[in-house]
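Got your viewer open and your mouse ready? Let's take a walk through this structure, one selection at a time.

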Amino acid sequence: MQPTVLLFDIDGTLISSGGAGRRSFEQAVFRVIDRRDVCDFSFAGMTDRAIARTALLNAGHEPSDEVIDRLVSTYITLLAEELPYSDCRVHPGIAEALEATANRPGVAIGLGTGNVLPGARLKLGRVGLFHRFSFGGYGCDHEVRHELLRIGASRGAAALGAPVDACRVVVIGDTPKDVAAAQAIGADCIAVATGQYGLDALVACNPTQAFQDLTADKALGALLG
């Protein structure tokens, strides 16, 4: 089998954190810039730093790296406090997919997420999944989604001891932004309708394949090509 790098998105794809991320971000914005009215946009498919930048722009603030760093750091502190009380759950088919692909020769399982690494660790640690991913491309690697996926793909290829150009890279995500980012780096994309977007909306973005969730017939086969 061609060396394969799997990059899983977190929110809406692997898990739902019961709104903990949004609540924590909104509270972080309030603490840092004293505003409660600037986060009325969808976070779906956005990186943490892009969310912070958008909130600051909505508030008329200069989105300097220093303020973005402070906002994201405050968010992580609040997320750690919020998650233990949030209704977090793993989406259907994820546990089976991870089990089916684990320890398979020529397959590297990683993350491709807009979450900064500490946020990814907190969210997936809450449901006992973080240890399943030995590498990733994160929102702290790059603010632009397709660039963090490129970084994740390179790390996965290195784990396999193969050139990234020789690998099949597969992005598993739940938003049009995931599909577009995968396409931007020439990766396959398996879209799952476990987040805010229905199956028809995802199909319209032309992913490689789309499923209601990873329990669907042929979904595991699609992961492994």
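Start by clicking on Cys-88, and leave out anything up to four places away in sequence: the residues that Cys-88 touches are then Ser-16, Ser-17, Leu-83, Arg-126 and Val-127. Before going further, keep in mind that what you're looking at is a predicted model.

So where does Cys-88 sit? Look in the loop between helix 3 and strand 3 (89-90). Is Cys-88 buried or exposed? Its relative accessible area is 13%, and buried means under 20%, so Cys-88 counts as buried. Now add Arg-126 to your selection and check the C-alpha atoms: Cys-88 and Arg-126 are 38 residues apart in sequence, and 7.5 Å apart in space.

**Next stop: two helices**

Select residues 20-33, which make up helix 1, and residues 65-82, which make up helix 3. How do you describe a pair like this? Two packed helices are described by the angle between their axes and the distance between the axes. Here the angle is about 130°, and the axes lie 8 Å apart. That makes helix 1 and helix 3 oblique to each other. Their crossing is right-handed.

Want to see who meets whom? Show the side chains where the two helices touch. On the helix 1 side you'll find, among them, Phe-25, Ala-28 and Val-32, and on the helix 3 side, residues including Leu-71, Tyr-75 and Leu-78. Sorted by class, this contact has 10 nonpolar, four polar and four charged residues.

**Then: a strand with neighbours**

Now pick residues 4-8, which form strand 1. How many of its residues are buried? Five of its five residues are, so to speak, under cover: strand 1 is mostly covered. Turn the view and follow the side chains: Thr-4, Leu-6 and Phe-8 point one way, while Val-5 and Leu-7 point the other way.

Add strand 4 (residues 107-112), which pairs with strand 1 in the parallel sense over five bridges. Find Leu-6 again, and you'll see Ile-109 of strand 4 standing opposite. Then bring in strand 6 (residues 168-173), which also pairs with strand 1 in the parallel sense, over five bridges. This time go to Val-5, whose bridge partner in strand 6 is Val-169.

**Last stop: Gly-225**

Finally, jump to Gly-225, in the segment after helix 9 (219-224). At 82% relative accessibility, Gly-225 counts as exposed. To finish, select Val-164 too: it is 61 residues from Gly-225 along the chain, and their C-alpha atoms are separated by 17 Å.

Definitions and conventions
Residues are numbered from 1 along each chain as its sequence is written. This is a predicted model: local features need pLDDT of at least 70, side-chain atom pairs count only at pLDDT 80 or more; totals for chains, interfaces and linings use all residues. Side-chain values use heavy atoms; hydrogens and water are left out. Axes are lines fitted to C-alpha atoms, for helices over the stretch in contact, and angles run from 0 to 180 degrees between N-to-C directions. Helices (H or I, at least four residues) and strands (E, at least two) are DSSP runs, numbered from the N terminus. Angles under 35 degrees count as roughly parallel, over 145 as roughly antiparallel, 65 to 115 as roughly perpendicular and the rest as oblique. A crossing is left-handed if the near helix is turned anticlockwise from the far one by less than a right angle, and right-handed if clockwise. Contact means heavy atoms within 4.5 Å. Ala, Val, Leu, Ile, Met, Phe, Trp, Tyr, Cys and Pro count as nonpolar, Asp, Glu, Lys and Arg as charged, and the others, Gly among them, as polar. Buried means under 20% relative accessible area, exposed over 50%, partly exposed in between (1.4 Å probe, protein chains only). Two strands pair if DSSP finds at least two bridges between them.
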